[in-house]
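Student: Please take me closely through one part of this molecule, beginning with a single residue and its surroundings. I should then like to see how the rest of the picture is built up around it.

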Amino acid sequence: DAMMIVSINKRTKTITLASLMRDQYSYIVTGNKGRYTKFHHALSYAGPAKQVEMIERYYKVVIDNYVILNFESLPKAINAMGGVEINVTKDEATYLRSIGWSISPKGEKITVDGYHALTYMRIRKGTSGGDTARVGRQQQVIKTLIGKIKNSSASQIVPLAQAVIPYVRTGLTSENILAYAVTAVTEGWLKYNIKQVTLPD
């Protein structure tokens, strides 16, 4: 449902969250047969390495690795971080009230658990803005989660990373993830400016 290239630039001290619109078409070769298909289909057709290859070919970038969270694991990972605060707009509130949320008709700032964060991130019905607005909600949640831990120490970040590791599928080892977590704290990555873009723009 969501694809994002995350780039950490230590020279400019910037983290870029580049969301890829899920309905983009690109070329893919599987089983010696080529075809055009949507980015988000590549994962189920041929796995993460093929999806990475497809994105690299289309955008002329090099992707070092991948992390996958599914609809079951994402809420658990967010819960391990103590939930997340979201800003619900009036249009979003209209939809959320229609599916049973108890929320002000004008929207409000609330803290939600992982299950409700996932529901919020997947909204694309009613007058809530479709896929483009949904990408913005996904970025908001990730940016807020980074903000929650930006003042953490290495001794606080390691247990958090260990709690999240069981819920992700990745080409990184557990040792790699823990090393990145410690580096993010010691080198100040979590305090970098966060730039959000959507591709294609």
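Tutor: Two residues are said to be in contact when heavy atoms of each come within 4.5 Å of one another. What does glutamate 187 touch, leaving aside residues up to four places away in sequence? Its contacts are Lys10 and Tyr192. Please bear in mind that the model is predicted. Glutamate 187 is found in the loop that runs between α8 (174–186) and β9. Its relative accessible area is 43%, and because partly exposed covers the range between 20% and 50%, glutamate 187 counts as partly exposed. Valine 197 is 10 residues away from glutamate 187 in sequence, and the two C-alpha atoms are 24 Å apart in space.

The loop leads us to the sheet that contains β9. Three strands make up this open sheet, in the order β1-β2-β9, with mixed pairing. Its edges are β1 (3–9) and β9 (193–199), each of which pairs on one side only. From one strand to the next, the twist averages 20°. Strand β2 (residues 14–20) pairs with β1 in the antiparallel sense, over 7 bridges. Within that pairing, isoleucine 5 has alanine 18 in β2 as its bridge partner.

Let us turn to another pair of strands. Strand β6 (residues 84–87) and strand β7 (residues 109–112) run antiparallel and are joined by 4 bridges. Isoleucine 86 has isoleucine 110 as its bridge partner in β7. Which residues of β6 lie on its covered face, and which on its uncovered face? Val84 and Ile86 are on the covered face, whereas Glu85 and Asn87 are on the uncovered one. Val84 and Ile86 appear again in the largest nonpolar core, which has 33 residues; they are among the members that touch the most other members, along with Val88, Trp101, Tyr120 and Val141. The contacts of valine 88, not counting residues up to four places away in sequence, include Ala93, Leu96, Ile103, Ile110 and Tyr120. A second core, separate from this one, has 9 residues, including Phe39, Ala42, Met54 and Ile63.

Phe39 also brings us to the aromatic rings. A pair of rings is described by the distance of the centres and the angle of the planes. When ring centres within 6.5 Å are taken as a pair, the count comes to 5 aromatic pairs. In one of them, phenylalanine 39 and tyrosine 58 meet edge-to-face, with 5.3 Å from centre to centre and 85° between the planes. This pair links distant parts of the chain: phenylalanine 39 belongs to helix α1 (residues 39–46) and tyrosine 58 to helix α2 (residues 48–59), 19 residues apart. Are the two partners buried or exposed? Phenylalanine 39 is buried, at 0% relative accessibility, while tyrosine 58 is partly exposed, with a relative accessible area of 37%. The rings of tyrosine 58 and tyrosine 59 have centres 4.8 Å apart and planes at 70°; because an angle over 60 degrees counts as edge-to-face, this pair is edge-to-face. Phe39, Tyr58 and Tyr59 together form one aromatic cluster.

Finally, rings also meet charged side chains here. Arginine 35 lies over the face of tyrosine 45, 4.2 Å from the ring centre. Arginine 122 is placed over the face of phenylalanine 71, at 3.9 Å from the ring centre.

Definitions and conventions:
Residues numbered from 1 in each chain as written. Predicted model: local features only at pLDDT ≥ 70, side-chain atom pairs only at ≥ 80, totals over all residues. Heavy atoms only, no water. Pairing = 2+ DSSP bridges. Helix = DSSP H or I, 4+ residues; strand = E, 2+ residues; numbered from the N terminus. Axes fitted to C-alpha atoms, helices over the stretch in contact; angles between N-to-C directions. Buried < 20%, exposed > 50% of the residue type's maximum accessible area, 1.4 Å probe, protein only. Core = buried A, V, L, I, M, F, W, Y, C linked by side-chain atoms within 4.5 Å. Phe/Tyr/Trp six-rings, centres within 6.5 Å; stacked < 30°, edge-to-face > 60°. Lys NZ or Arg CZ within 6 Å of the ring centre and 35° of its normal.
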